[in-house]
Amino acid sequence: MERRLYDGEYIKETLLEINSLQKIIDNDSFIHYSSISIIYAISRYNLYSFFYTLDTSMFPDFFVLAKKIVYDGKLTASEIIGFSHILGYKEKRYINNYYDIFKSELLQILEEKYHTPEFIFSGTNDKVLSMNLILSNFSLPDRNVYFPDIANSSIGTELCSLLYMAHDKTKKSLRKNNSHKHINKTVKKEINVRTGYPIATQKSINSTRQALIDSAKNNTFDKNEALAMARSSVNENGALTMVSSYRYFLYDEIFLKGELAYKYGDWDEAEKLWLTILEISPTQVCEKLSIMYRKQKRYSDEIYILQNGINLWKNSIFNVYNGSTEDLEVRLKKASTLYTKHTASDKSTGIDIPNASYDHKFVSELVDLARLHNER
């Protein structure tokens, strides 16, 4: 069938036949290569309107994203969230646990920025380079297929930034409205007899334990692949996305180990784990430590960790999307007030912040690649 498409024979009939086979043959490799065949024919013979005759639900996500941007010209909030994994967005907890709130915040951002509940492709974005795909038939003289690489374009950068904005707004919304938390004050919390600190519910512990298992299994990172993607990207988004992905790779598993220790009532262990990644993920770590220190009445320690977190994040090589420290600054103001009121009862013990372990040379190379893209 690829040979027919290459020779220009029965093109539409062949496309429909390939599409019908995709519904029958449940094989990832077949779906991938058959989708490329369809992409090839539609691009070569200018049959873009034929997209709407086909069922594209089984197509690779990069293809569906390009279709919706280039040919449909728009994305809904749900679709942006659905494509988050190929746009470089890594902070999935709010999407997984508070999807409706996250979506609502994203819709509000879209309305504020574009005056519409959808992301509309204006056609004024920078040129989008093409990714090089390969047809499966080795006997064809030219097997190359070129298709818009939306994820590694200025459009991808913009979409990723929208998701991070929704992340920040969701965090603030949850903090202001505690209705999502149901606290039964009549139930006495179980205490860790060794440490004297409370133990979370089994449901909460199981949730974090599963998240830790998933992170250990799926959170992988290849530096060589990351550099290759950064170098081949049309603009800075490829490099910046890789910096963000590397940061997530470094902190996620350790962060979850700390969270699990905290839920088991082993707060000293949680503190040790979180402090090792403070430099890599100051905002997430500081929020956790701030809550814990306040419960321990370590008011001076809370001020110290927040001040360090704010300074670290503002100057961090990982802060490629200009992340805000507003939440930490709000916490710092309240912590300072509490310390003034309760200086006599302060139980601070002091904090030793270790240097974070990461490949500084590798991250610097990614940042330099992003800078070079901007200068071109």
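How far apart in helix α11 are K257 and E253? They sit 4 residues from each other, so about one helical turn separates them. This is a predicted model, and that pair is a handy way into its salt bridges, which number 15 in total. Below you'll also find two nonpolar cores, a pocket and a couple of loop residues with unusual backbone angles.

**Salt bridges**

- Some background first: side chains of opposite charge can pair when their charged atoms come close.
- K257 and E253 do just that, with their side chains joined in a salt bridge at 3.8 Å, N to O.
- Both partners are partly exposed: K257 has a relative accessible area of 40%, and E253 has one of 27%.
- Helix α11, which covers residues 237-263, also holds E259 and K263, again 4 residues apart, or about one turn of the helix.
- E259 and K263 form a salt bridge too, and their closest N and O atoms are 3.5 Å apart.
- Unlike a partly exposed pair, E259 and K263 are both buried.
- K288 joins in as well, since a network of salt bridges links E259, K263 and K288.
- Then there's D301 with R298, a salt bridge whose closest N and O atoms lie 2.8 Å apart.
- Is this pair buried or exposed? D301 is buried, at a relative accessible area of 4%, and R298 counts as buried too, at 6%.

**Nonpolar cores**

- In soluble globular proteins, nonpolar side chains tend to be buried together.
- Here the largest nonpolar core has 50 residues, and L15, L106, F119 and L159 have the most contacts inside it.
- Which helix gives the most to this core? That would be α8 (residues 154-176), with 8 residues.
- Take L15 as a sample: leaving aside neighbours within four places in sequence, L15 is in contact with L5, I38, A41, I42, L47, F50 and L54.
- Apart from that core lies another one, of 45 residues, including V243, Y251, L278 and I280.

**The second largest pocket**

- This pocket has a volume of about 440 Å³.
- It is lined by 26 residues, and the ones closest to its centre are Y164, D168, W313, G323 and S324.
- Two or more lining residues come from each of α8, α11, α13 (282-295) and α15 (326-341).
- Helix α8 turns up again here, as it gives the most to the lining, with 8 residues.
- By class, the lining has 10 polar, 9 charged and 7 nonpolar residues.

**Positive phi in loops**

- Most residues other than glycine have a negative phi, and most peptide bonds are trans.
- N46 goes the other way: although not a glycine, N46 has a positive phi of about 55°.
- You'll find N46 in the loop between α3 (28-44) and α4 (61-72), where N46 counts as exposed at 56% relative accessibility.
- H115 isn't a glycine either, yet H115 has a positive phi of about 60°.
- Where is H115? Look in the loop between α7 (99-114) and β2 (118-120).
- H115 also counts as exposed, at 67% relative accessibility.

How values were computed. Residues are numbered from 1 along each chain as its sequence is written. This is a predicted model: local features need pLDDT of at least 70, side-chain atom pairs count only at pLDDT 80 or more; totals for chains, interfaces and linings use all residues. Side-chain values use heavy atoms; hydrogens and water are left out. A salt bridge is a side-chain nitrogen of Lys or Arg within 4 Å of a carboxyl oxygen of Asp or Glu. Buried means under 20% relative accessible area, exposed over 50%, partly exposed in between (1.4 Å probe, protein chains only). A nonpolar core is a set of buried Ala, Val, Leu, Ile, Met, Phe, Trp, Tyr and Cys residues joined through side-chain atoms within 4.5 Å. Contact means heavy atoms within 4.5 Å. On a 1 Å grid over the protein atoms alone, a cavity is a set of points where a 1.4 Å probe fits but cannot get out, and a pocket is an open set with protein on both sides within 12 Å along at least five of seven lines; lining residues have an atom within 4 Å of a point. Grid points are joined across faces, edges and corners, and a volume is the space filled by probe spheres set on the points. Ala, Val, Leu, Ile, Met, Phe, Trp, Tyr, Cys and Pro count as nonpolar, Asp, Glu, Lys and Arg as charged, and the others, Gly among them, as polar.
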